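Let's take a friendly walk through this model, one feature at a time. Have the sequence and the 3D view at hand as you read.

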Amino acid sequence: PIPVRPVVHYMMGGIDTDITGKTPIDGLYAAGETACVSLNGANRLGSNSLTECLVFGARAGVHAAREALERERPLISPLEQLAREEEKRINSRFARSEGNGEERIADIRKHLQAAMEAGAGIYRTEEELTAACGQIADLKSRYNQIRVDDRSQVFNTEITAAMELGFMLDVAETVANSALKRQESRGSHSRSDFEARDDDRFLQHSLAHRQEGAAPRIDYRPATITRWQPEERKY
């Protein structure tokens, strides 16, 4: 028998970029489903992701190469320095004994999935989103005490899973906190307590900024409307 299960595949947004794939971080480009070029608006069109990868992947590659050729090569690039620091952090956090706690990867991942399904699923309310934000904050605290038993340096899938869980917590925190502040329904964001779309307040992009030891700071960037005006979702 072939198992058939429902899945959640409704994710818009991503890393903030301009039309060339350039991000606010100097020298860093992003493209494809990881990036938000603002092509799709509030509701991504089906199968549009492949076209987006091909079009904006090519644009990002061309512009990144052009920028690299026009710059004087530093002895150590800022991104290379960041990569080295991240490597040290990963080795210290997961590949060595220091800071190895008792929390299990699978337990935190299971609780994160339950929190997001209950609070930030298809239909959302302030009460449910507030609860989800609190649960995610607690899970991030527990993540600091995560345990990794495999210390090998070659093809260590447990370290990969631990790192992915950290990224999942960051994304979940961003989604839930952004949704809590967006008091309207738009695209795939459906608030049972705010069923109408509110263009006066929320016809703009949500931007999440990391804050150490606190929930992300959410602010906004105006949406540029060109050829097609937003319309009511009738399905």
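The expected span of a helix is 1.5 Å times one less than its number of residues. This is a predicted model, and helix 4 is a good place to try that rule. Helix 4 covers residues 126-143, 18 residues in total, so a span of 26 Å is expected; the C-alpha atoms at its ends lie 25 Å apart, which agrees.

Which residues of helix 4 are buried? They are L129, A132, C133, I136, L139, R142 and Y143. In an α-helix there are 3.6 residues a turn, so residues three or four places apart point the same way. Y143 also has a charged partner: R93 lies over the face of its ring, at 5.9 Å from the ring centre.

Now for the chain as a whole. It has 6 helices and 6 strands, and from the N terminus on they run β-β-α-α-α-β-α-α-β-α-β-β. The C-alpha trace spans about 55 × 50 × 45 Å along its principal axes. Of the 235 residues in the chain, 29% are buried.

Three aromatic residues deserve a closer look, and their accessibility is set out here.

| Residue | Relative accessible area | Class |
|---|---|---|
| F202 | 4% | buried |
| Y220 | 27% | partly exposed |
| F155 | 75% | exposed |

How many aromatic pairs does a search of the whole structure find? It finds 1. The partners are F202 and Y220, arranged edge-to-face, with 6.1 Å from centre to centre and 65 degrees between the planes. This pair links distant parts of the chain, since F202 belongs to helix 6 (residues 199-202) and Y220 to strand 6 (residues 214-222), 18 residues apart. Y220 counts as partly exposed because its 27% lies between the limits of 20% and 50%, whereas F202, at 4%, falls under 20% and is therefore buried.

F155 sits in the loop between helix 4 and helix 5 (157-181). Its phi is positive, about 50 degrees, although F155 is not a glycine.

Finally, turn to the second largest pocket, which holds about 400 Å³ of space. Helix 1 (48-70) and helix 2 (78-95) are the elements that give two or more residues to its lining. That lining is made of 14 residues, and G27, A68, R71, P74 and S77 lie nearest the pocket's centre. By class, the lining has 6 nonpolar, 2 polar and 6 charged residues.

Methods. Residues are numbered from 1 along each chain as its sequence is written. This is a predicted model: local features need pLDDT of at least 70, side-chain atom pairs count only at pLDDT 80 or more; totals for chains, interfaces and linings use all residues. Side-chain values use heavy atoms; hydrogens and water are left out. On a 1 Å grid over the protein atoms alone, a cavity is a set of points where a 1.4 Å probe fits but cannot get out, and a pocket is an open set with protein on both sides within 12 Å along at least five of seven lines; lining residues have an atom within 4 Å of a point. Grid points are joined across faces, edges and corners, and a volume is the space filled by probe spheres set on the points. Helices (H or I, at least four residues) and strands (E, at least two) are DSSP runs, numbered from the N terminus. Ala, Val, Leu, Ile, Met, Phe, Trp, Tyr, Cys and Pro count as nonpolar, Asp, Glu, Lys and Arg as charged, and the others, Gly among them, as polar. Buried means under 20% relative accessible area, exposed over 50%, partly exposed in between (1.4 Å probe, protein chains only). Rings of Phe, Tyr and Trp (its six-membered ring) pair if their centres lie within 6.5 Å; planes under 30 degrees apart count as stacked, over 60 as edge-to-face and the rest as tilted. A charge sits over a ring if NZ of Lys or CZ of Arg is within 6 Å of the ring centre and within 35 degrees of the ring normal.
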